[in-house]
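Here are my notes on the model you sent, set out as numbered points. Please read them with the coordinates open beside you.

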Amino acid sequence: MDAFRRFLAQLREYWAGLGATRRVAVVATAVGVGVALAAFAYLSSGTTYVPLFTGELPPEEVGPITTRLTALGVPFKLNPAGTVVSVPEERRPQARVTLAAEGVPTRGGKGYELFDETSVMTTPFVQTVNYQRALQAELGRSITQMEAVQSARVLIARPDPTPFVRDQRPPTASVVLKLKPGVAMSRTTAASIVSLVARSVEGLKPENVTVVDSTGRLLSDPHAGDRDAIPAPQLEYRRELESYLSTKAEEVLAQHLGPGRAIVRVSADINFQQMKERRKTYYPEERAVAAERTTTQKASGSGGSGGVAGATSNVARAGGPLTGQRGGGGGGSTSSEDVIQTDYLVSESTREMEERMGGVNRLTVAAIVDLTPPGEGRVVISAEDAQEIIKQAVGFRTGRDEVKLSNVPLAAGPATPEPDEELVRLQRFQGYVSLTRNVSLALAVVMALAIVPLLFLRRRRPLVPPTPAEPTPPAEGDRRRGDLDRLAGLARDDPERAAEVFRLLLGRPAG
């Protein structure tokens with residue numbers, strides 16, 4: 001304790017001997033060093049580990065990865081399941097590049113790299129097996145590149161060849177997918193995987209390809225080759241349309257009623273037939289002259305022996321003599337006739353209609369809403385208003401669609417799970433411990449850096465011993481006052497001795 005007091009006294013003496021400029025410099029240096037050390041302690045308090053690859057890896061691929069990371073001197077950590085490899089964040093890019101250059105991880109096995117290791121002694125059977133293995137691995141890699149797929153495994157079954165046509169069997173294939181957490185694969189994506197596999201294997205038809213996920217759910221269309229079955233894309237389109245309209249109506253109602261107070265479900269009747277109709281209509285009342293032609297016909301004959309034999313030629317017409325009758329005994333006639341021919345255009349109308357697939361025949365909407373007042377200050381709409389909002393949201397058409405709305409009090413949505421108090425307390429305690437450790441480390445380093453320069457400067461500063469001053473003779477008045485004080489003290493402490501002193505001063509013998 002005495003040493004610490006002496007150190008503080010020396011520190012005060014040193015600080016008192018510094019000028020204003022040096023004091024400011026010392027304070028600024030100490031503060032800068034403290035901030036730098038605090039930042040360094042905070043940043044270096046722990047190394048941040050991040051996953052080397054997104055998603056989980058099969059155990060057979062984790063082993064080569066960890067072996068290679070150990071050879072490269074890269075520290076790593078494994079999760080409890082041993083499927084995720086984590087490395088320091090600053091070393092992750094270099095580790096990924098190095099592993100990718102060496103073909104690690106294989107992501108479903110070796111592909112066509114198998115043929116890089118073949119030898120001259122390889123039999124045709126082994127070559128065929130290797131080709132099938134390589135093709136399966138390459139297809140697995142291609143499928144894994146899809147956004148929703150975490151890993152894929154492809155199995156191809158080729159029947160033995162036979163010379164008899166009736167005994168030949170087509171090849172089949174199975175695809176097992178492991179989807180990413182929280183991702184659902186649509187039928188359209190599954191159909192694209194089926195198409196990819198079918199067009200990569202000779203003789204493989206799409207209906208002979210089966211796609212399932214890791215939970216055993218069938219993703220491919222089981223009726224792909226059945227013409228009477230409803231195609232999967234049509235069902236997918238109907239499901240997406242119903243989900244879109246339901247979500248749209250619920251979002252609009254949530255703006256008025258609040259979240260979780262409306263449930264809307266839409267059932268859509270979709271027309272998947274494509275019709276093309278051509279209709280031609282004529283209007284006979286509306287006509288126009290297109291062309292008009294006039295034809296003149298002339299005929300001539302004699303009165304005697306001319307004409308056809310019979311009474312008609314021998315009897316004159318009732319109207320008088322024949323027109324153009326010639327005089328004389330020979331008698332003849334000439335006639336002319338004008339024929340007018342008119343062509344008319346009748347009005348016609350041609351109409352071509354094409355009805356494409358995907359049209360909505362009918363929408364049936366069922367809605368359950370909670371119109372009870374949620375609290376003060378909130379305006380609750382009526383059932384008619386809610387029904388009108390649903391109609392506007394789904395595109396209601398009068399005479400075609402139907403909306404059924406029910407006002408039912410809905411239970412509150414699932415409450416947010418409360419965090420574990422013990423875990424929260426432990427995390428808070430760990431944060432306090434880490435903060436205390438960092439602050440203590442920073443203060444210790446600052447004090448060390450502040451003490452060392454002070455000691456160094458103190459050692460360099462020469463110690464000049466003080467010059468002893470010569471004693472000054474006391475003044476006469478001070479000397480008498482001191483004598484009187486001593487006599488007064490002696491009379492108070494020892495009266496007998498003080499009496500003897502006074503007798504001596506008066507010249508009397510001590511008695």
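1. Among contacts in the protein between residues at least 6 apart in sequence, 70% join residues at least 24 apart. This is a predicted model, and every point below should be read in that light.

2. Of the 511 residues, 20% count as buried, while the accessible surface of the protein comes to about 37,600 Å², with 56% of that area belonging to carbon and sulfur atoms. The secondary structure amounts to 12 helices and 11 strands.

3. One open sheet deserves a closer look: three strands form it in the order β1-β3-β2, and their pairing is antiparallel. Because β1 (49-51) and β2 (77-78) stand at the edges and have a single partner strand each, one side of each is left without a neighbour in the sheet. Strands of a sheet pair, in general, through backbone hydrogen bonds.

4. Between β1 and β3 (residues 85-88), which run antiparallel, there are three bridges, and you can locate the pairing from Val-50, whose bridge partner in β3 is Val-87. Helix α3, covering residues 59-72, lies across β2 and β3, and runs at about 20° to β3.

5. Which ring does the charged end of Lys-77 sit over? The ring is that of Tyr-49, with the charged end 4.4 Å from the ring centre. A second lysine, Lys-391, lies over the face of Phe-396, at 4.8 Å from the centre of that ring. As for aromatic pairs, the structure holds zero.

Key. Residues numbered from 1 in each chain as written. Predicted model: local features only at pLDDT ≥ 70, side-chain atom pairs only at ≥ 80, totals over all residues. Heavy atoms only, no water. Pairing = 2+ DSSP bridges. Helix = DSSP H or I, 4+ residues; strand = E, 2+ residues; numbered from the N terminus. Contact = heavy atoms within 4.5 Å. Axes fitted to C-alpha atoms, helices over the stretch in contact; angles between N-to-C directions. Phe/Tyr/Trp six-rings, centres within 6.5 Å; stacked < 30°, edge-to-face > 60°. Lys NZ or Arg CZ within 6 Å of the ring centre and 35° of its normal. Buried < 20%, exposed > 50% of the residue type's maximum accessible area, 1.4 Å probe, protein only. Areas by Shrake-Rupley, 256 points an atom, 1.4 Å probe, with all protein chains shown as cover.
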